Amino acid sequence: MWVPSLVFHPDTGQPLAVIDAAAVTSLRTAAASAVATDVLARVDAGDLALLGAGVQARSHLVAMNQIRTLRRVRVWNRTPAHAEQFRAWARPLVEVDVELTLDAGRCAARHRPGMHHAGLQRSGGLRS
């Protein structure tokens with residue numbers, strides 16, 4: 001997905017470039033979630049459920065792995081093949097198995113006392 005961003009000269013304000021900021025956007029979003037998780041989640045939190053297996057899931061796994069010792073990682077995706085691709089990518093990064101689930105509800109589990117939820121929504125509305 002193309003995420004256009006303009007780069008301006010800091011002194012003159014002259015436009016210098018139009019760049020694809022998708023990578024910056026995913027890192028910034030994951031960093032914000034990681035800061036919130038670090039501040040708000042229990043210190044012993046280590047279970048991560050990802051609903052989706054795209055760019056945001058990848059950047060969030062990297063970010064959460066930096067601030068917590070992950071004990072369990074579960075991923076669900078509407079397209080099981082994408083979830084499998086995510087697992088193959090993620091295995092070398094984390095020291096736990098990445099579990100695939102066929103049911104989004106089972107992936108996320110029910111809200112329990114002490115659970116921290118960092119939710120994202122895709123901008124531009126829902127896809128069909």
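**Salt bridges, helix α3 and the nonpolar core**

D97 comes out as partly exposed, because its relative accessibility is 45%, and this is in a model that is predicted. Its partner is R91: the two side chains meet in a salt bridge, with N and O 3.9 Å apart. R91 is partly exposed as well, at 44% relative accessibility.

That pair belongs to a set of six salt bridges. Another one joins the side chains of R72 and E99, at 3.2 Å from N to O. Here R72 sits in strand β4 and E99 in strand β5, so the bridge ties together parts that are 27 residues apart in sequence. Neither end is fully tucked away: R72 is partly exposed with a relative accessible area of 33%, and E99 is partly exposed with 28%.

The bridge between R87 and E84, at 2.8 Å from N to O, stays within one element. Both residues belong to helix α3, three residues apart, or about one turn of the helix. An α-helix has 3.6 residues a turn, so residues three or four places apart point the same way. R87 counts as buried, since its relative accessibility of 16% is under the 20% cut-off, whereas E84 is partly exposed at 33%.

R87 has company on the inside of α3, where the buried residues are A83, F86, R87 and A90. They span an arc of only 100 degrees around the axis, so they end up on the same side of α3. What they pack against is β3, α2, β4 and β5 (residues 98–100).

Helix α3 (residues 80–90) also holds F86 and W89, three residues and about one helical turn apart. The count of aromatic pairs comes to one. The ring centres of F86 and W89 lie 5.6 Å apart with the planes at 45 degrees, so the pair is tilted. As for burial, F86 is buried at 0% relative accessibility, while W89 is partly exposed at 29%.

F86 turns up again in the largest nonpolar core, which has 14 residues; L48, L50, L61, V73, F86 and V98 are the ones that touch the most other members. Two or more residues come from each of β3 (47–51), α2 (55–67), β4 (72–76) and α3. The biggest giver is α2, with three residues. Leaving aside residues up to four places away in sequence, L48 touches L61, M64, L70, R72, V73 and R74. R72, then, is a contact of L48 as well as the salt-bridge partner of E99.

Terms used:
Residues numbered from 1 in each chain as written. Predicted model: local features only at pLDDT ≥ 70, side-chain atom pairs only at ≥ 80, totals over all residues. Heavy atoms only, no water. Phe/Tyr/Trp six-rings, centres within 6.5 Å; stacked < 30°, edge-to-face > 60°. Helix = DSSP H or I, 4+ residues; strand = E, 2+ residues; numbered from the N terminus. Buried < 20%, exposed > 50% of the residue type's maximum accessible area, 1.4 Å probe, protein only. Core = buried A, V, L, I, M, F, W, Y, C linked by side-chain atoms within 4.5 Å. Contact = heavy atoms within 4.5 Å. Arc of directions from axis to C-beta. Salt bridge = Lys/Arg side-chain N within 4 Å of Asp/Glu carboxyl O.
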